[in-house]
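Trainee: I am new to this structure. Please pick one part, look at it closely, and then place it in the rest of the chain.

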Amino acid sequence: MASIKPILKRAHRWVLRLSWYLGGQKEHRRSGASVPPGGFISDKATVIFPKNIRLGENTMVLEGARLICAAKPPYLEPFGMIRIGSGCLIREGAMIITYGGSVEIGDDVTVNPYCVIQGNGGVKIGNACLIAPGVKIFSANHIFEDPTQPIRLQGESTKGVVIGNDVWIGADCVILDGVTIADGAVIAAGSVVNRDVPRRAVVAGAPAKIVKYRNTERASQ
């Protein structure tokens, strides 16, 4: 049965692609954003400054999702880029906003409901990643060293976030600025990641710590 699933997935994508060529959705009515072959953008999704957004083939953006290429509200000018690869799924209520930076997502990535990805310092996500509901990815931090000034006036530091290929980020995790998560890592639900995660490590907790490596015994620390 497991060997049939990839075949069915490819067949489904070809059906979507064929329907696009035969008259399927070519443009998002609310924003004028171009819909790639085999792709879909719900009429109830929000796309702001679509000229700064690139979607790969067979990528779908579902109801309530928001793709925003701008700085702070009220989003009057385009600022930043969003690039999403092929075969991706941006699910209900997910929010991807550049805040003047960039968000780059590879192929075959699922961004599940009510995730928030903020691209201030740049966010790069590799291929075949699973991002569970409620995940928050922040690529900036407030500066707060000067106690004589309001924090909101001290600006931000922006280092960026890099997530490798085949990474699974569990529900309600928080990924903080400056973090790199290497290929094949697993982030347990509810974790707060404030340091780099090695290849194929399984981490958990707030702050997240290595509990084991995939296919190995429990870590000693």
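Mentor: What follows begins with one strand and works outward from there.

First, the ground rules. This is a predicted model, in which local features need pLDDT of at least 70 and side-chain atom pairs count only at pLDDT 80 or more, while totals for chains, interfaces and linings use all residues. Residues are numbered from 1 along each chain as its sequence is written, and side-chain values use heavy atoms, with hydrogens and water left out.

Now the part itself: strand 9, residues 102–105. Strands here are DSSP runs of E with at least two residues, helices are runs of H or I with at least four, and both are numbered from the N terminus. Strand 9 has two faces. V103 and I105 make up the covered face. S102 and E104 sit on the uncovered one.

Strand 9 has partners. Two strands pair if DSSP finds at least two bridges between them. Strand 6, residues 81–84, pairs with strand 9 in the parallel sense, over 4 bridges. There, I84 stands opposite I105. Strand 12, residues 123–125, also runs parallel to strand 9, with 3 bridges. In that pairing E104 faces K124. So I105, on the covered face, looks across to strand 6, and E104, on the uncovered face, looks across to strand 12.

Step back along the chain to F79. F79 lies in the loop between strand 5 (66–68) and strand 6. Is F79 buried or exposed? Neither: F79 counts as partly exposed because its relative accessibility is 47%. The cut-offs are under 20% relative accessible area for buried and over 50% for exposed, with partly exposed in between (1.4 Å probe, protein chains only). F79 touches N52, C69, A70, A71, T98 and G100, leaving out residues up to four places away in sequence. Contact means heavy atoms within 4.5 Å. F49 is 30 residues from F79 in sequence, and their C-alpha atoms are 8.6 Å apart.

H28 makes a useful contrast. It belongs to the loop between helix 1 (4–21) and strand 1 (40–41). H28 counts as buried because its relative accessibility is 0%. Its side chain makes a polar contact with the side chain of S31, at 2.7 Å. A polar contact is a pair of N or O atoms within 3.5 Å; within protein, one must be able to donate a hydrogen and the other to accept it, and residues adjacent in sequence count only if both atoms are side-chain atoms. The H28 side chain also reaches the backbone oxygen of A45, at 3.4 Å. Beyond four places in sequence, the contacts of H28 include I41, D43 and V47.

Further along comes a hairpin. Strand 23 (residues 201–204) and strand 24 (residues 209–213) run antiparallel, joined by 4 bridges. A204 has K209 as its bridge partner. The hairpin has 4 residues between the strands, and G205 in the turn has a positive phi of about 110°. Strand 23 also pairs with strand 21 (residues 186–187), in the parallel sense, over 2 bridges. V186 stands opposite V202 in that pair.

Finally, the whole chain. It holds 1 helix and 24 strands. Of its 221 residues, 42% are buried. Among contacts with a separation of 6 or more, 26% join residues 24 or more positions apart.
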